[in-house]
Amino acid sequence: METNGAQLPQAELFWYDSTGVGYLTAGTMSDANGHVSLSGVVADAKVTITDLTATYVKVTFSGTVYRPDFAVSRVITNGEFYLKRNN
């Protein structure tokens, strides 16, 4: 994620599969360079504001998410959502 050109290394994504099992990214466990001390775990979540208007914000996202026990991971690609702006 970038704000005014400065990169923020701790983007987080939360995702629930069709059975209700929750997954999350490793962003809060990473250092300032995005490194995680757990073997095989990556902090690669990316959140980008792609459109910002007076009425909405469009966001795209991707990244690797993990079950809380880190035994299972999933990769999210091409995610997007819109948020209505209430000025």
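**Exercise 1.** Find the salt-bridge partner of Arg67 and say how exposed each of the two residues is.

*Solution.* Start with the rule: a salt bridge needs a side-chain nitrogen of Lys or Arg within 4 Å of a carboxyl oxygen of Asp or Glu. Arg67 pairs up with Asp69, and their closest N and O atoms are 2.8 Å apart. Next, look at exposure, where buried means under 20% relative accessible area, exposed means over 50%, and partly exposed is in between (1.4 Å probe, protein chains only). Arg67 comes out at 26%, so it counts as partly exposed. Asp69 has 49%, so it is partly exposed too.

Before you go on, keep in mind that this is a predicted model, where local features need pLDDT of at least 70 and side-chain atom pairs count only at pLDDT 80 or more, while totals for chains, interfaces and linings use all residues. Residues are numbered from 1 along each chain as its sequence is written, and side-chain values use heavy atoms, leaving out hydrogens and water.

**Exercise 2.** How many salt bridges does the structure hold, and which parts of the chain does the pair Glu80 and Lys58 link?

*Solution.* The count is two. In one of them, the side chains of Glu80 and Lys58 meet at 3.6 Å, N to O. This pair links distant parts of the chain, with Glu80 in strand β7 and Lys58 in strand β6, 22 residues apart. (Strands are DSSP runs of E, at least two residues, and helices are runs of H or I, at least four; both are numbered from the N terminus.) Now check exposure: Glu80 has a relative accessible area of 45%, so it is partly exposed. Lys58, at 22%, also counts as partly exposed.

**Exercise 3.** List the residues of the largest nonpolar core and say which strand gives the largest share.

*Solution.* A nonpolar core is a set of buried Ala, Val, Leu, Ile, Met, Phe, Trp, Tyr and Cys residues joined through side-chain atoms within 4.5 Å. The largest one here has eight members: Ala11, Leu13, Tyr23, Val47, Val57, Val59, Val65 and Ile76. Strand β6 (residues 56-66) supplies the largest share, three residues. Then zoom in on Val59: beyond its neighbours within four places in sequence, its contacts (heavy atoms within 4.5 Å) include Val47, Ile49 and Phe81.

**Exercise 4.** Which strand has the lowest mean pLDDT, and which the highest?

*Solution.* pLDDT is the predictor's confidence in each residue, from 0 to 100. Among the elements, strand β1 (residues 2-3) is lowest at 50, and strand β7 (residues 73-84) is highest at 94. For the protein, the mean is 85, with 89% of residues reaching 70 or more.
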